[in-house]
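Me: Could you take a close look at the disulfides in this model for me? I would like to know what they join and where they sit.

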Amino acid sequence: MHILSLTPTLLPLLALLPGVSAHGYLAKVTIDGTDYVGNVPNAKPDPSPIRQIDDIGPVKGASNPFLNCGQAAALASVVAPANSGSKVQFLWGDPGATNWPHNTGPLMTYMAQCTGTTCDKFNGSTAQWFKIDEIGKKPDGTTWYQQDVMNGQAIEVTLPQNLAPGDYLIRHEIIALHLANSLGGAEFYPSCTQVRIGGSGTGTPNATVLFPGAYNDNDPGIFDPDVFNPGQVYAFPGPPISNLASASDSSSTEGGQAPSSAISGGIVSPTNAGGSKATSTPASSAPTASSTASSGKTCKLRKQDSGSYARKRGVDAAGRKRHFLRSAVARSSS
Ligand SMILES: *[C@@H]1O[C@H](CO)[C@@H](O)[C@H](O)[C@H]1NC(C)=O
Ligand SMILES: *[C@@H]1O[C@H](CO)[C@@H](O)[C@H](O)[C@H]1NC(C)=O
C-alpha cells in the first residue's frame, strides 16, 4: 500500500524528462514465504532488509563504487531471518507504475558475510562476494530469463545448502545489455538484501571478489557487440559460481558449471584462495569511478527491447503464471 502512495513522488521528476523510461528497483523479496517490501528510491524508508537506493536509473561503469549495492545504497534497518537452502524470490520493477522495462542480459546472485558486525551496520564496499547463481538465456538460446522479470515475475534463487551461520548480504543483480554493443553501455542494477543465516552449516567460499573489482568494462559479457545475435553463447562476467552455489543452480544449461558438486555443500578449505579476479584488491585501492557515466537517468530502450515489452504487456496474469511455471520446470529439469 505505501508503495502505491509514495510512487507519485517520482512522477514529477519523470515528467520533467521526456522520453525517460522508468527502470526500477528491487521492490520485494520473499524469503521462505515471508514478504519484505523494498523502499521506493528516495522515499522516507520503512523498516526493510533491502538496502534503499536513491535512483531507479542504472549504475554505469564497471569501476563505479555503487556497483556493490546499487545507487547510493543506504544501510537497511532489518536483518531478515533465513537459512541454508531457503528459497528467496526477487521481484523487480516499479510497482504501481511499470514492470521492469528490460529483457536482455543476465541475472546473477552473490552473497557476502557481514564480517565483524551485523548487516545493518556493514559497509558493502569491503564485502567479500561469492557467486551463488547466474542465469542468462533460456534453453531456446535466444530468450533471456530477464524477459520473465519484464513480464512481472519474481525470480527465485535457492540459497546454498551449507552456509555457515551469520549475517550475509545477498547481492541480486540484473545487467541490462540492450546498449552493450557500445563500450560502457551495459546497465548494472545491483541490490543488497540483509539476511541472518541460522543453522549449523560449516561451508565457506573458496574464493571471493570485490565490487567494484570483479567486472571490467571490456568483459565479453559486458561489452558485447553480438548481444542480439540469436544463438550466441553468453559469457557471464565475474567469478565462476562458488563452491557454495545455489542449491538449485541450473547454469549447466547455459554453458556454466554443472551444479552437482555444489549441492552437497562439500568440504572446503576456509581460505580465500586468490584464484578469482580482485580477491586481494584492497577497497582503498579500488579503481575510481572515472568511467562512471552520469547518463544513468536517460537510458533509452532499444527498439527490440521495447517492442517485445509492449507485446508481453498483453499477457494476462494466468498466462504469466503458466509461463513462470514453464520456465521453472525448464530450469529444474536441466
Ligand atoms: C561505505 O564506505 C564508503 C567508502 O568509505 C562510503 O563512501 C560509503 O558512503 C559507505 N556506505 C555506507 C552505506 O555507509
Ligand atoms: C571454487 O569452486 C568452484 C566450484 O567448484 C570452481 O568452479 C572454482 O574454480 C573454484 N575457485 C577456486 C579459486 O578454486
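Reply: Happy to! Cysteine 69 and cysteine 192 are linked by a disulfide, with an S to S distance of 2.0 Å in this predicted model. What does this bond connect along the chain? Cysteine 69 belongs to the loop between β2 (34-37) and β3 (80-82), while cysteine 192 is part of strand β10 (residues 192-197), so the bond ties together parts that are 123 residues apart in sequence. The torsion about this S-S bond is about -80°, which means that the disulfide is left-handed.

Buried or exposed? Cysteine 69 has a relative accessible area of 3% and is buried. Its partner, cysteine 192, has a relative accessibility of 0% and counts as buried too. Both values are under the 20% cut-off for calling a residue buried.

That bond has company, as the structure holds two disulfides. The other pair is cysteine 114 with cysteine 119, where the S to S distance is 1.8 Å. Here the torsion about the S-S bond is about 85°, so this disulfide is right-handed, whereas the bond between cysteine 69 and cysteine 192 is left-handed. Cysteine 114 and cysteine 119 are both buried.

Now for how the two bonds are arranged. Counting the bonded cysteines along the chain, the pattern is 1-4, 2-3. The 1-4 bond is the one from cysteine 69 to cysteine 192, and the 2-3 bond is the one from cysteine 114 to cysteine 119.

Definitions and conventions. Residues are numbered from 1 along each chain as its sequence is written. Chains are lettered from A and ligands numbered from 1 in the order in which they are written. This is a predicted model: local features need pLDDT of at least 70, side-chain atom pairs count only at pLDDT 80 or more; totals for chains, interfaces and linings use all residues. Side-chain values use heavy atoms; hydrogens and water are left out. A disulfide is a pair of cysteine sulfur atoms within 2.5 Å. Helices (H or I, at least four residues) and strands (E, at least two) are DSSP runs, numbered from the N terminus. Buried means under 20% relative accessible area, exposed over 50%, partly exposed in between (1.4 Å probe, protein chains only).
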